[in-house]
Amino acid sequence: MWSAFPIVREYLKGATASSLAEARLCYEEMKTYSHTYAAVYFPDEFEEIMSYSSHITFNSLNQYEQYKEQVQGAARKISCGLRVNPEYSEIETELYNPAAPGSRLGVAASQVKDGLPEGIEGLHFHSLCESDSYTLERTLEAFTERYAHLFPQLKWINMGGGHLMTKEGYKTDHLIELLKDFRQKHDVEVILEPGSAIAWETGFLAATVMDVVENHGIKTLMIDVSFTAHMPDTLEMPYRPVIRGAGDQIPGKYNYRIGGTSCLAGDFMREYSFDEPMKINDRIILEDMIHYTMVKTSMFNGVKHPSIAILRSDGRLDVVREFGYEDFKGRLS
Ligand SMILES: Cc1ncc(COP(=O)(O)O)c(C=O)c1O
């Protein structure tokens with residue numbers, strides 16, 4: 001949500017990107033060169049990626065070999081890194097676990113046991129997801145055990161994202177101690193890439209009940225947004241979104257499924273209970289739908305796409321983007 005970048009810039013220096021489009025957005029809207037890491041780089045894009053990047057991290061030794069000369073010949077110095085796999089993770093959801101055995105993300109320790117290629121100045125790992133500083137501590141132990149022999153040749157270590165440092169109860173002091181201690185032991189710059197931490201609990205998706213249907217005694221509230229198109233993680237991960245004022249099904253209360261507006265049969269959430277009977281035009285507030293929701297939406301079925309708005313602290317609502325037929329049509333041909 002780049003309309004929010006000006007406020008993010010007050011708190012973070014720098015940005016990270018995983019594609020040419022993201023790197024360009026960092027450059028044009030965050031006004032910074034990006035720390036770029038992509039699973040693969042494309043020959044016809046690499047020159048432009050370099051023009052937006054201060055650091056470029058490669059996912060494999062092959063990829064580094066392919067682009068090494070191009071980076072070394074760049075007009076502006078770009079620092080190269082290699083993504084490694086710490087081979088340790090506490091993430092239980094496979095979809096979000098880059099350190100699982102067989103993972104395609106990051107070089108394995110066995111591939112760099114004899115050292116790094118010339119020109120690599122940094123190591124990058126990204127294996128946390130919605131984690132606290134204690135998970136980072138244990139991950140750092142595993143990472144250090146496998147890769148410490150490479151540290152003397154490094155200028156920086158990028159510990160990736162997944163640090164949910166804005167979540168209530170996160171021990172920022174512990175994180176600071178941990179990083180200071182790491183830096184004292186190893187003479188490297190430390191880089192963090194908090195992503196979802198920036199957007200954690202910053203906004204909701206507001207829906208309206210358009211109809212109430214009933215089948216075999218199951219009542220469904222048909223809302224004007226879709227789980228598959230607008231909240232895909234609820235079906236992919238999967239997770240059950242929090243709905244303001246509603247809870248899990250309770251026998252005897254007013255229980256309703258929440259039905260998405262697409263024609264996918266599975267585009268619904270199992271029953272939630274409400275204190276009052278629900279009716280057409282009631283609001284359904286789906287909490288915390290900014291981070292991995294907005295960026296993963298699709299235009300599936302051409303269903304009405306939610307607008308993006310900023311609710312100001314004085315109560316003003318600024319609608320910053322509305323979507324229409326041209327957005328839908330323009331995605332395909
Ligand atoms: C390389 C890298 N860095 C940082 C992030 C941000 O992670 P998070 O949003 O979990 O903080 C991601 C997420 O996809 C990533 O792939």
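## Ligand surroundings

A residue is taken to be near the ligand if one of its heavy atoms lies within 4 Å of it. In this predicted model, the residues that surround the ligand are Tyr37, His124, His126, Gly161, Gly162, Glu193, Pro194, Gly195, Ser196 and Tyr292. Sorted by class, this shell holds three nonpolar, six polar and one charged residues.

## Polar contacts of the ligand

Two contacts of the ligand involve the protein backbone. A polar backbone atom of Gly162 is 2.7 Å from an oxygen atom of the ligand, and a backbone N or O atom of Ser196 lies 2.7 Å from an oxygen atom of the ligand. From Tyr292, a polar side-chain atom lies 2.7 Å from a ligand oxygen atom. On its own the ligand has 400 Å² of accessible area, of which the protein covers 81%.

## Internal cavity

The model contains one cavity of 30 Å³ or more, and the volume of the largest cavity is about 30 Å³. Its lining consists of His35, Thr36, Tyr37, His55, Thr57, His124, Trp156, Asn158 and Glu193. Tyr37, His124 and Glu193 belong to this lining and also appear among the residues around the ligand.

Three strands, β2 (34-37), β3 (53-58) and β6 (156-158), each supply at least two residues of the lining. The greatest contribution comes from β2, with three residues. By class, the lining of the largest cavity comprises two nonpolar, six polar and one charged residues.

Notes: Residues are numbered from 1 along each chain as its sequence is written. This is a predicted model: local features need pLDDT of at least 70, side-chain atom pairs count only at pLDDT 80 or more; totals for chains, interfaces and linings use all residues. Side-chain values use heavy atoms; hydrogens and water are left out. On a 1 Å grid over the protein atoms alone, a cavity is a set of points where a 1.4 Å probe fits but cannot get out, and a pocket is an open set with protein on both sides within 12 Å along at least five of seven lines; lining residues have an atom within 4 Å of a point. Grid points are joined across faces, edges and corners, and a volume is the space filled by probe spheres set on the points. Helices (H or I, at least four residues) and strands (E, at least two) are DSSP runs, numbered from the N terminus. Ala, Val, Leu, Ile, Met, Phe, Trp, Tyr, Cys and Pro count as nonpolar, Asp, Glu, Lys and Arg as charged, and the others, Gly among them, as polar. A polar contact is a pair of N or O atoms within 3.5 Å; within protein, one must be able to donate a hydrogen and the other to accept it, and residues adjacent in sequence count only if both atoms are side-chain atoms. Accessible areas come from the Shrake-Rupley method with a 1.4 Å probe; for residues, only the protein chains shown count as cover.
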